[in-house]
Every structure is written in structure tokens, then in C-alpha cells.
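Colleague: I'm new to reading protein models, so could you walk me through this one? I'll ask, and you explain how you get to each answer.

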Amino acid sequence: MIREFGTGDIVYLVFAARWTLALTALAFAGGAIVGLTLAVLRISPLAPLRFLASLYIQIVQGTPLLVWLFLFYFGLSIAGLPVNAWTAAALAYSIYGGAFLGEIWRGALIAVAPTQWEAGASLGLTYVQQMRHIIIPQAVRIATPPTIGFLVQLIKNTSLAATIGFVELTREGQLTSASTYKPFAVYITVACIYFLICFPLTQWSRRLEERFNVAR
Amino acid sequence: MKYGLQFRDVFAAWEFLLEGLAVTLALSVCTMVLGFFLGLACACARTYGGARFKQAVTVYIETIRNTPLLVQIFLLYFGLPSLGLRLEGFDAALIALVINLGAYSTEIIRAGLEAIPKSQIEAGQSLGLTPWQIFRYIIVFPALKAMYPALSSQFILLMLATSVVSQISVQDLFHVGSIIQSRTFRDFEVYTVIGCIYLALAFMMRGVFAVIYRQVFAR
Amino acid sequence: MSRVELINVSKNYGPLRVLNDVSLTIETGEVIAIIGRSGSGKSTLLRCLNGLEPIQSGTIMIDGVKVNDPDTDLRKLRQNVGIVFQSFNLFPHLSVSDNITLAPRLVLKQSPDQARKIAADVLARVGLADKIDAMPQQLSGGQQQRVAIARSLAMNPQLMLFDEVTSALDPELTGEVLRVLEGVAREGMTMILVTHEMGFARHFATRIVFMHEGKVWEQGPVAETLSHPQTAELKSFLDAVLN
């Protein structure tokens, strides 16, 4: 049955955005764990670890996110687990986000001057202590703007979870569009909601970056 | 029940996969060329143009960069017909991708143009070169070199992102994969193979870009 | 047992031989000024002493511990060997106090209070007691370098290495750093300085080591060596720096 696209639908779409945000939070948390591990491995003194981390990043950054979503969606049943869009999406986004965050954070880690490692080492600090107290605190400042930038990418990319039936903002848009047959109005609304979430973050990231560049 | 992996059915459809690959390649190459020139025009408008131009370009970039590509594609393919403009799937996809890549490459190209020190332009002016000559002989080459790494990784991301057009039934590599899946029920195998093809494509592009860089810029 | 002993030490960077069969013995309480042209290997020698750079052959012993031995715990060794760098290398994200107390707390397991007390003490020794809560970027270059020296002193090292510690400073700021070095020397610290400050070397060093082409070309007591150089290379070096 076709009905009108009205205020109620808009409220419904705004409400669906909470699943977009929930998935983003989950993806970011998973991606952060994977990414931090990768970043540390990428600058490890052990060549095989560096190689494995770099291989992972090359592979994930060389395949579409859509493929990961479908692989996990269908792979779960092969692994004998119940097929569930939440689990599949959480896994796929962690794998995917980890590769990008890993690269961003590795860049930040190596942007800290090598003399800082030396200064730590010559005071008798262990590798882990140098990392924890000297390198990471400095890297965090460098990494914050691009990390927020990637968060925006992540929010936008959660729209792809709609393709495996995960009901978030874009999927809700598809459903509303199908029932109201007002695709233009619906997708403009959807785009506006994404914009309202992403734009402040983009601006924030840019301001932090400018402040950081001035401070240097 | 134990699941046995079986790739035979997937490989049997290799001609079909090739067709999909051709569509993905065509879409990617067209988008790269058109998107680059759109980005170049916008970057020039933003760097050298008047205030009105700058504003328009900023609105364009921010709109595109803060909304998902998938929604942009849906808007063009499903939304425009209700305004009386019906686009073929491939055309809608191409337009959406060009608009999308244009926004990202504007930023990259602008950064490249701005990487040229003012003193270089002043040196050109003091030699009596026209603005066009300055652009042609002093700015273009070093600017291209500065923007090349970011631009080439953006192109690879774009190629991977074309997989999204499968959602409006454009028969690209990913969509072909879904069709094979629905025929063979070999879900996992199909997407593994598709993933590997994309991966190979990404590596190939990286290789080609590296060779071009060495040939053109490395001295 | 000598404090520092180098026996036939050689080091290469690829095909380039930067240290060529260096032998040198340093006793407790000595202040050694290593001089020489840039590229003569003097900074490299210093960095080899606390294991920041590996060597290809020979032996380096500090207090009887072999530095270039994979079984040696370099961390333990470095607690006894302080080094101050040309570019200060303070930790920009930490306050002066945290810069100084970090290693005592983490490595020597001092309590925060105890470490802070020591920080106040070493800062007083370098004349910066009032800067304990400043951030490094609020300090002048000379002050930053004095904090770096204090950071090293807080570990209570038995040997201190100084790698051209005044070279990155404006001329008017070198004096304050040299005065701090004098103070440390007077307390009886064993010190090895790579330096261009001939005035400082003349007054406070006990021995001059002149390096040339990766070798210890000439060495001896300060006054004699500087006034009666035995080799043509040292003579021409001195002529160049003293004029």
C-alpha cells in the first residue's frame, strides 16, 4: 500500500540513524583493537611481524568493503554460527576499519622523531615503556585529526551494511521509499541526516589539524 | 553438517565474470578521467577563482564528502525519475561516481597546487610570463608530482568503491558475483573469488601507477 | 678496573669506516674532551659507548661490563651511563618535572614523591629550580639543554656522555650550559665530551683526545697537547679552530 511521505517518516528515519551510530561505535571499537595491534606490529623490530601486518593491510585495503560484508555474512553459516547481520557487520567493519586505522596510527607513530626513542633508551627505559610513556602520547596528538576523518568515512560506509539487510539509516530509507514511493524526498532526507552527523566531525577534525599545524 | 568448499561452479562461470570485470574496468577508467578533470576544474576555481566560485565549490565538496556514496547513487537512480529524469543504471552510476571522485580529487589537487611556493609564481611573474604560461611551465609539473601519491590511492579506492553500483543492478563484477551466487548457492566461494579479483586489480593499478611515477616524475 | 676501556674498536656504515681500530682507556673522575673535524667519528664513538650504535669489531667495556655483547643488559648499563644530546631530546608532551622523574620512577622504581624531590634537587644544580612545572617549549634552548642534563643527573650515573651539547645553541646561550657542565665536573663526575668549545676543554678537561679519520690520532694532558701538538693534523685543526 502506498502512503504519503510525512513528518512521521522523517522522525522514523532520524530514529533509524541510531543504528547507524551504534554500528559505527561497534566498528570503531573493533577497528581500534585491530588497528592498534597492526600499528604496533608495523613498527616492531621483528621483520616477520612487520611483514604480516603489512600483508594484512595490503589485502584489506585492496578489496571492497562489500566483499568483506558478504564473506562474513555467508561465512558465518559455514563456520556453523547463526547467520546474523549484526555479527557479520561487526566483524567485517572491524577487519576493514583496523586496516585503515592501523595505517593512520602507524604514520603517527613514525612521525614521532626517532631521537625520542633514543632519549628513552638511553635513560634505561624498556621498549614497552618507551612506547607507552614517550611515543604513544605524542602519536595520539598527531593521529587525532585523521582518526576523526576516518570516523566520518566509517559512518558513511555503515550504509553498505544495508546490503546484507542490516536495518540502519540507508536500509530504513530503502524501506520507506518502497512504501511511500517518494524516493527523491526520502533519499534527500537520508542524505541530510548523514550530513548533519558527518559535517560537524569533519569541521572538528579540520580545526584540530589546523591547530596542530600552527603548534608545530 | 560439514561444509565442503567447492570452487568448480564458480570458475565455470568465468566468461560471465569477465563481462563483469569489463564493466568494473570501464566504469573505473571513465570515472578516473572525468572525475580528475572535474576535480581539476573545481580546484582551479577554488584556488584562482572569485569568491562566488569558491563558495559553490566548497558547498559541493562538503555535501559529497559528508554523505555516503550509496545514498548518492540511490538518489540519482531512484530519486531523479520522480523529477522526470530517468537514467540508465550505468549512466546513473557513472555520474554519481564522477561527482563523488570529483569532490575528493578537488581537495587533493588543490593541496598539490598550493604546495607550489608563492616565490615560484613571483619568479615567473618577474620574468614577464603570462598567468597561463606560469601555470603551464611552472606550476603543473611539480603540482602533479605533489598530488600524485594521494591521487593514485584515491583512484584505487574509487575502483573498489565501484562495487557499490551492483546495488542498482549495474552488471559489474560484484553484481555478476551475486548472480552466480544465486545460481550456484556457493556464497562463500563466489565472494572469495570476487574478492581476489578485486585484490589483483588493486595490485595491478598500484603497479601501473608506480611505473608511471618512475617514468614521469622520478629523476 | 678502568671506568671505560675501548680495545681495537671498529665500526662501519656500509662501506664507510667511521671508527678505525680505536683503543682508549678512561679512569674514574677523568674529564675527556674529544675534539676533531666533523666526520672524524667522535660523535659515533660516543654513541657506541652506551650501545646506541653497534660496532663491528673490538671490545667496549664500561665498569668491566662488555657493551657489545648480546648477553649484556643494555638497559642496566644505560642506567649508569647518562647521555646528553646536541638537540636536547626532551619529551615535548611532558613537563620538566615529568621529563626528569619518568626514568627514576619507571626504571629505578622510585616513588613519585621521592622522584620529585630528586627532580627539584637536580634542577637546583642546573639553576632551574623555578622551572619544575614548565613545559619544554616554554624554555629557551639553553634552559632546555640544562633540563636535559638534569634529567640525566637524576639517574645518578657513574659516567656522563655529552654530544656537542652547545652546538645547537645561540652563542649567548652556551655560557649557561657550560657553567652547568663545570659544576658537574667539579663534583667529580667521569665525563666524556664531544665539543667544539676549546676554552671549556682547556679549563676543565683532564685529557684531550683528537680524532681524525676514525682514529685516535693524538691524545694527552690538556695543556701540553694543546700547546705542543705532535701531529701536523692536530696542529692544523687547532690553527683552524683557534683563529
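**Talking through the model**

Modeller: Let's start with one pair of residues: C:V81 has its bridge partner in β7(C), and that partner is C:L159. Keep in mind that this is a predicted model.

Colleague: Okay, so how many bridges pair β6(C) with β7(C), and in which sense, parallel or antiparallel?

Modeller: The pair C:V81 and C:L159 belongs to this pairing. Between β6(C) and β7(C) there are four bridges, and the sense is parallel.

Colleague: Are the residues on the two faces of β6(C) buried or exposed?

Modeller: Strand β6 of chain C covers residues 81–84, so take it one side at a time, with 20 or more C-beta neighbours within 10 Å as the cut-off for buried. C:V81 and C:I83 sit on one side, while C:G82 and C:V84 sit on the other. Both faces are covered, and these four residues are all buried.

Colleague: What about β8(C): how many of its residues are buried?

Modeller: This strand takes in residues 190–194 of chain C. C:T190, C:I192 and C:V194 point one way, and C:M191 and C:L193 point the other way. Whichever way they point, they are all buried, which gives a count of five of five.

Colleague: Which residue of β8(C) stands opposite C:M160?

Modeller: Look at β7(C), residues 159–163, which runs parallel to β8(C) and is joined to it by five bridges. Within that pairing, the residue opposite C:M160 is C:M191.

Colleague: And how does the chain get from β7(C) to β8(C), and what is the hand of that crossover?

Modeller: The path goes through helix α6 of chain C, residues 171–186. That makes a β-α-β crossover, and its hand is right-handed.

Colleague: β3(C) is joined to β8(C) too. Which residue stands opposite C:L193?

Modeller: Strand β3 of chain C, residues 31–35, runs parallel to β8(C), with four bridges between them. Opposite C:L193 you'll find C:A33.

Colleague: Is C:I32 buried or exposed?

Modeller: C:I32 has its place in strand β3 of chain C. Leaving aside neighbours within four places in sequence, its contacts include C:M191, C:I192 and C:L193. It has 22 C-beta neighbours inside 10 Å, so C:I32 counts as buried.

Colleague: Which helix gives the most to the largest nonpolar core?

Modeller: That core has 196 residues, and C:I32 is one of those that touch the most other members, along with A:L69 and A:A92 among others. Beyond its near-in-sequence neighbours within four places, A:L69 is in contact with residues including A:A88, A:A89 and A:A92. The helix giving the most, with 14 residues, covers residues 85–111 of chain A: α4.

Colleague: There's another sheet in chain C. Why is one side of β2(C) and of β5(C) left without a neighbour?

Modeller: The sheet is open, with four strands in the order β2-β1-β4-β5 and antiparallel pairing. Each of the two has a single partner strand, so one side has no neighbour in the sheet: β2(C) and β5(C) stand at the edges.

Colleague: Which residue of β2(C) is the bridge partner of C:V4?

Modeller: Strand β1 of chain C, residues 4–13, pairs with β2(C) in the antiparallel sense over seven bridges. For C:V4, the partner in β2(C) is C:I26.

Colleague: Now the chains together: which pair shares the most contacts?

Modeller: Chains B and C do not touch, as their nearest C-alpha atoms are 24 Å apart. Chain C does meet chain A, with 17 residues of C in contact with 15 of A. Another contact takes 30 residues from chain A and 30 from chain B. Of the two pairs in contact, the one sharing the most contacts is A and B.

Colleague: Which helix supplies the largest share of the side of chain A that touches chain B?

Modeller: The contact takes 30 residues from chain A. Helices α3, α6, α7 and α8 of chain A each supply at least two residues of that side. The largest share is 11 residues, and the helix is α8(A).

Colleague: Last one: which element of chain B has the highest mean pLDDT?

Modeller: Chain B averages a pLDDT of 90, and 98% of the residues score at least 70. Among its elements, helix α1(B) has the lowest mean, 76. The highest mean, 95, belongs to residues 69–79, helix α4(B).

How values were computed
Residues numbered from 1 in each chain as written. Chains lettered and ligands numbered in written order. Predicted model: local features only at pLDDT ≥ 70, side-chain atom pairs only at ≥ 80, totals over all residues. Buried ≥ 20, exposed ≤ 12 C-beta atoms within 10 Å, placed from the backbone. Pairing = 2+ DSSP bridges. Right-handed = clockwise from strand over helix to strand, strands pointing away. Contact = placed C-beta atoms within 7 Å. Core = buried A, V, L, I, M, F, W, Y, C linked by C-beta atoms within 7 Å. pLDDT = per-residue confidence, 0-100.
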